[in-house]
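Biologist: I'm new to this one. Could you walk me through how to read it, feature by feature?

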There are 2 protein chains.
Amino acid sequence: MSSAHQPFDEMPNPNPTPTQVEFSKYSKRVILKTILDREDGGLGLVDQRVVVGGWVKSSRELRKDPPPMSGDRKEDAEVKCVEVFRSKIPFLRTFIQVFGGNTTHTKEKVGSKPALGSKPALSITLLKISDGSSVTSLQIVVDSSIAPASQLMPTGTCILAEGVLQKSSIQGKHEIELKAGKMLHIGIVDQESYPLSKKKLALSGLRDHAHFRPRTTTVASVLKVRNGLNQASHTFFQNHGFVHVDAPIITATNTKGSSESFQVSTSNFSAKEPEPEPASTDDTENASLETIKLLIDEKSKKIEELKRSDSTKEALDAALQDLHKINLLADELEARSKSKSNTEDLFFSNQAFLTTSGSLHLESFASAFGYVYAFGPRFQATKSESKKTLAENWMIETEIAFSELEDAMKCAEDFVKFVSNWVSKNCHEDLHFLSKRGDKAIINRLNSVALAPFEKITYATAVEVLNKVTDTTFETKIELGVALSDEHESYLVEFYKKPVIIFDFPKELKPFNVRLNDDGKTVAAFDVIVPKVGALVRGSQKEERLNYLSKRIEESGLQKDEYEWYLDLCKQGAVKHSGFDVMFDVMVLFATGLSDVRDAIPFPRHHGKLHN
Amino acid sequence: MSSAHQPFDEMPNPNPTPTQVEFSKYSKRVILKTILDREDGGLGLVDQRVVVGGWVKSSRELRKDPPPMSGDRKEDAEVKCVEVFRSKIPFLRTFIQVFGGNTTHTKEKVGSKPALGSKPALSITLLKISDGSSVTSLQIVVDSSIAPASQLMPTGTCILAEGVLQKSSIQGKHEIELKAGKMLHIGIVDQESYPLSKKKLALSGLRDHAHFRPRTTTVASVLKVRNGLNQASHTFFQNHGFVHVDAPIITATNTKGSSESFQVSTSNFSAKEPEPEPASTDDTENASLETIKLLIDEKSKKIEELKRSDSTKEALDAALQDLHKINLLADELEARSKSKSNTEDLFFSNQAFLTTSGSLHLESFASAFGYVYAFGPRFQATKSESKKTLAENWMIETEIAFSELEDAMKCAEDFVKFVSNWVSKNCHEDLHFLSKRGDKAIINRLNSVALAPFEKITYATAVEVLNKVTDTTFETKIELGVALSDEHESYLVEFYKKPVIIFDFPKELKPFNVRLNDDGKTVAAFDVIVPKVGALVRGSQKEERLNYLSKRIEESGLQKDEYEWYLDLCKQGAVKHSGFDVMFDVMVLFATGLSDVRDAIPFPRHHGKLHN
C-alpha cells in the first residue's frame, strides 16, 4: 500500500518494509509471508486489523476443567487458573483486563462475535497456522466464545480469521501473533481419516497422500525449492538467449525400444503390436479361423454323405449338432477378426509413444534458432525401482548450433553454478528449514558448487583413477567399457572434492546420436557428476554426419523409418551442434538433500497403483 | 566485452552498445542479433573480424558467363561486365580496386583461402543468412574463390563464415554486411528434396515439415512470440507469489470420459478394456475354449467308440485327424488366453490416462500453498477438426485458496493485460514482422487489451444481448442453456469493443467441479473472450462443499471411485478456492494474428499420421 522512501535515494526502494499490512490482490486476506518474513518479524504491524487464512499445523488449548461440584469451588478453581495464566502467559493479563476473569464457556456460533452482554469464556485455543507462503507459522489466539476448540484444533483444519496483530504473548522466536476477533471460515478435519493427524510422518509414508503432503512443512519446502529451481533454470536460459521450445509429448520416434516406452492409444482400440514380435495375434486368429473353416467344409460334406447314405437318424443329428457348434465358433472368431481390423481407425495412424527425450526434436529447432531449450515431462516404462528416476520425469534439454563438446560442457557447468547460486540466495528460508530437519550440508554444498571450477576428466581417466583405489572396495568392479555406477561417481566427486565432468565415453554406453570421436571407439558425450546425487546432467555433441548417423541407427537396432525426419537434419543444412539434458527431479534432490525422487515431485508416477 | 559508462551515472548502463563484437559464450560465433539489432544497425562494428553462422534465406550470384570463343572476345566481355558492375553495384568498385578485373573462375577447396598468387574470380555470391536470433538477416559477400556459389546458394544451406564487417555496399535497409574471408563450414542442401526450396510456402503446407519450418521467418517469429508468452506467464505468476507445481501427465482421474481420453500402456500389454463395454474379449475367448474342449471330449469318446466297434480304418483315421486339428486349435486358444491373463501385470495396476486438465491436482496444492499454477501439456482424443484445439495442448492452470469467483476474474484479467503488454514490449521485432506479413492489427490489439478494463456480463445478459441482434444472422440460434459459439463470442467482443468476461453459466455447460450458485441452476464459472480468438481463459470458483460435489459427480456420470482423493479435499480442511485455465496455444494465436493452432505449436499433434 504505502512504500517507505529513503531520503537521498532517487529510486524507490524495491523492497520496502510497508507500514501497513498489504491485502493479497486475489484472495482478500493478508499473506503470512508479508507479516512473518519481514525484517522486524512483523512488529511494525502491531495493532493492525487483518484477515489471515491457513491450515492448522499445531494447536493447544488452555482451559480450566469444569469444576466437579459447588459454585464456591468453581470460583476457587477459576481464580487459581487465572493466577496461573497471569504468571505464565503475559498476554492473558490484557485479556483478563478487557473481559474479566469469568470462565463461563459460552458456545458461540462460528463466525459470530460474542453476543453483547454475554460472558466470554476463559478457554483459549492457540493455533499455529501456515498458508504455505512461509516456513514460519503464525500463532492465532482464539477465545472459545468465537469458535469451539474441538473444531479448530485438529491438524489440517482450515481457518480464515479476522483479528488484530499483537506483540507475541510468549517469549520465543515469534515477535507477533493474531488475536482472533471473528472466524470467517472453518474447514474441519476428520482426525480418524486424515493421514497427517499423526505427529511425525516419514516421507515414505506420505507418498501415498500426494494430495495432502504439501501441507507438511518439509514437503512444502522441497516443492518450493523445486519452484525456485524452475524459475532459476528459465532465467539462466532466457538470459543467454535460448528460445524455449515445447518438445512434443506424443511422438512417433521411440528411442528406447518398445520395452521401455509407454504407448498412447484411444480407449476403443488397442495400439498395434510392435512389429518385431514373432507370431502376431492376428496370424494366430486367422490360422484358427482357417482350421475351423476346413472343419466346417469337412463336416458339411460328411453330413451330405450321411444324408445320401442310409445312416441312422442319431448319427445325422450328432453330425448336425457338431456342425452347429463349429459354426458358432467360426462366427465368434470372424466377429473378433473384424473388430481387430478396425485398428486402421487408430487415432494416430501409426504407433504413438510417450516421449523418452525431447532432444531429437529440439535438435531440429537448434538448426533454426541456434540456442534452444525444452522443459517438460519425459517417460520411461522401466519397472525397476530407482531412487533417481520415475515413470514420469521432468527434464530440461538444451541444444546449441555451431557448438562442440567443450561448448556444451562449459554451458552445463555455468548452468549448474548459476542455479545453485540462485536457489541458495532466493530459497534461503526453505533451505534453512530443510537443513535443520535433514541434510545439514545443503547450503554449503550449493555454495561450493556455485564457486569451484568443475574437474574435467575423460572416461578413461576416471576408470584409471577408480582402478587405483585401495581405500574402498566397490561392489561392482570397474573396467574400461563398463558404465560407472553410483558408488564410482560418488568416489570421484569425493576424490576431486568438487563436481566432475566425465567425457569421451565408449560409444556403447551412450545413445546412437552422439558424435563419434576420431578414435572410432569413443563418443563426444559427457556426464556432470555432483556431490550427493551423482550424475545430474548428461550431454553430448550430436552426430551431424549422415553416414555415421545412419550406421549408428543400424547398429543400435532402431527402426530406421522412424528416424527419416531426423536424418533429414544431416541432409539439409547440417550443422555441428551439442547440448545437454538436466534431470530436473534429481536437481531437486541435489538442492534439498533428499534421497528419493518420489519426494521431490508433486505426483510421483511409478510401477504399481496410480492413486490420483 | 566492454561496456560504455555514461558520465554522471553511478549504475552501469544495463544495455550498452558495445564497441567490440561479442562472441557468443557457447558457440564460438557472433550472434547476428548483437550486430543487426543494435541501434546503429551494426555500423559501430565496421572493420571488425567476426565469425557468423546461419542458414541461407535467399541468395544471388553476380557473375560473368564464360566467353564462347577467343581470348579477345573474352576480354571484351569481361570489360563490359565490369562496367555493368561498376554502375549498378557500388560495392564492386572497391572489390575491383582490390582484386582487379580478372574473371578467371578458380574453384578453390571450401574452407581454404585463395592460394597465394592465384587470380581471384569475379563471381560473387550474395547470401542473406539468418541464425534465428533476429528477423533481419545479414548479407554475406562470398568470392567464388572461397567457396563455389552452387554449394552456397540453395535456401537452407548452413554456413559458418569468418570475415570482416563492412558498410553495406547496397543502399537499402541494412547498414552492414560481412565480407567473407573464409568458409569454416558448409552444410549443403539437396534442393530437390528440401521442402523450403520453393519461394512462397503457405503455413498449411509447412505443417508436415515441423522439423524444418522454424527456418522460415514467419514460423520463427510465431514461435519466438510463443517463447515470449511463456516467459511473460511465468513472470506474472512468480511476481504474484504463485508456486509452480507440475501437475501429473499420467493420471488415474479421467475427467472427460474414456471416449475423449488417451490411454497409456506399455507395449507388451494392451490396457484393460473400459468396463462399460458389453462382452469382453476374454469372455469370448473363454467361451470358444470351452466349446472346443467339449468338442474334444466328444471326439475322444467317439474315437473310443470307433475303436471298440468294428468301424473301418478310414473312419477311425478321419476321426483321429479331426481330433488332432481341434487339439491344435485348443492349444492356440489356450496359449492366447494365458498371455491375456498377463494384463494383471500392467505397468500401472489400474487404468492410466493422459491428463485432460491439471486443475484437480492443482486444487490439492492450493490447499497448502494458497497460490499455485501449473504449465504443461494436456490431452484430448477428439477427432473433430478444430482450429483452436489439438490432441496435445499446452495449458496454464492456476488455483487460489481463500478466493471466490470475482478474485479469479480479476486475476485472469490482470494476467491477460500483463502478458499482452509484455510481449508487445519485448517481442516487438517479431510482432512487427508478423504484422507486416499478415494481420496488421496485432500490435494495436495487444496494446488495447493491455489497457481497457474488461467488460463483465453474466451469461444471461450475453444471451439477451445476442437475442436482440438485428444486424447479423447467426448460424446457430442462441437461447438460454445453449453454449456460445465462436460467432457469438466475436459478436460480443465487437459489441463491447473490448474483452468480455462472461460469468454465471448454466451448470450443464461447465465441469462437475464448478461451484453451484445459490439459484441452484447456474455455476460460478467464467470465460474471458478476447478479440480475434474468442475464449482464451476459462475459470471458476470450485465446489468446496462435499454434498454438492458428490451429487455433481453422480449427475455427470463419472466414476466416483476415481475421485475419492479429490473428495478428500472437501473433507479435510476445505477452503473456498477459484482459478482459471489459459489455453496457451490459443494465446499464441491471439498475439500473432494466426488462425490455426497447428501453426502456433512446435510439433502439432492431431488425428491422423504422426510424422515425428
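Modeller: Sure, and let's begin with a word we'll need: two strands pair if DSSP finds at least two bridges between them. Keep in mind that this is a predicted model.

Biologist: Okay, so how many bridges join strand β3 of chain B to strand β5 of chain B?

Modeller: Three bridges join them, and the two strands run parallel. Strand β3 covers residues 138-143 and β5 covers residues 176-187. To find your place, look for B:I140, which stands opposite B:L178 in β5(B).

Biologist: What do these strands of chain B belong to, in the order β1-β2-β3-β5-β4?

Modeller: That's a closed barrel of five strands, with mixed pairing. From one strand to the next, the twist averages 55°.

Biologist: And what is the order of the strands in the open sheet of chain B?

Modeller: Reading across its eight strands, you get β6-β10-β11-β16-β15-β14-β13-β12, again with mixed pairing. At the edges stand β6 (243-244) and β12 (455-458) of chain B; each has a single partner strand, so one side of each is left without a neighbour in the sheet.

Biologist: Which helix packs on that sheet?

Modeller: Helix α6 of chain B, residues 217-239. It touches β6, β10, β11 and β16 (577-583) of chain B, and its direction makes about 150° with that of β10(B).

Biologist: In which sense do β10 and β11 of chain B pair?

Modeller: Antiparallel, over nine bridges, with β10 spanning residues 371-379 and β11 residues 392-401. Here B:P377 stands opposite B:W394 in β11(B).

Biologist: Let's try helices. How are two packed helices described?

Modeller: By the angle between their axes and the distance between the axes. For a case here, take helix α12 (residues 442-451) and helix α17 (residues 584-592) of chain A: their axes come within 7 Å and cross at roughly 115°. Angles of 65 to 115 degrees count as roughly perpendicular, and α12(A) and α17(A) are therefore roughly perpendicular to each other.

Biologist: Which residues make that contact?

Modeller: From α12(A) come A:I442, A:R445, A:L446 and A:V449, and from α17(A) come A:F590, A:A591 and A:T592. Sorted by class, the contact has five nonpolar, one polar and one charged residues.

Biologist: Now the two chains. How are two copies of a chain related?

Modeller: In general, by a rotation about an axis and a shift along it. In this model, a turn of 180° and a shift of 0.1 Å along the axis lay chain B on chain A with an RMSD of 0.7 Å. That is the relation of a two-fold axis. The same surface serves both copies, since 100% of the contact residues of chain B recur in chain A.

Biologist: How many residues does the contact take from each chain?

Modeller: It takes 137 from chain B and 138 from chain A. About 11400 Å² is buried between the chains, with carbon and sulfur atoms giving 58% of that area. In chain B, the residues that lose the most area to chain A are B:Y26, B:F347 and B:F402, together 9% of what that side buries.

Biologist: Where is A:K325 placed?

Modeller: In helix α8 (residues 313-341) of chain A. Leaving aside its neighbours within four places in sequence, A:K325 is in contact with B:T291 and B:E298.

Technical notes:
Residues are numbered from 1 along each chain as its sequence is written. Chains are lettered from A and ligands numbered from 1 in the order in which they are written. This is a predicted model: local features need pLDDT of at least 70, side-chain atom pairs count only at pLDDT 80 or more; totals for chains, interfaces and linings use all residues. Side-chain values use heavy atoms; hydrogens and water are left out. Helices (H or I, at least four residues) and strands (E, at least two) are DSSP runs, numbered from the N terminus. Contact means heavy atoms within 4.5 Å. Axes are lines fitted to C-alpha atoms, for helices over the stretch in contact, and angles run from 0 to 180 degrees between N-to-C directions. Copies are superposed by least squares on the C-alpha atoms of residues with pLDDT of at least 70 in both. Angles under 35 degrees count as roughly parallel, over 145 as roughly antiparallel, 65 to 115 as roughly perpendicular and the rest as oblique. Ala, Val, Leu, Ile, Met, Phe, Trp, Tyr, Cys and Pro count as nonpolar, Asp, Glu, Lys and Arg as charged, and the others, Gly among them, as polar. Buried area is the accessible area (1.4 Å probe) that two parts lose on being put together, summed over both.
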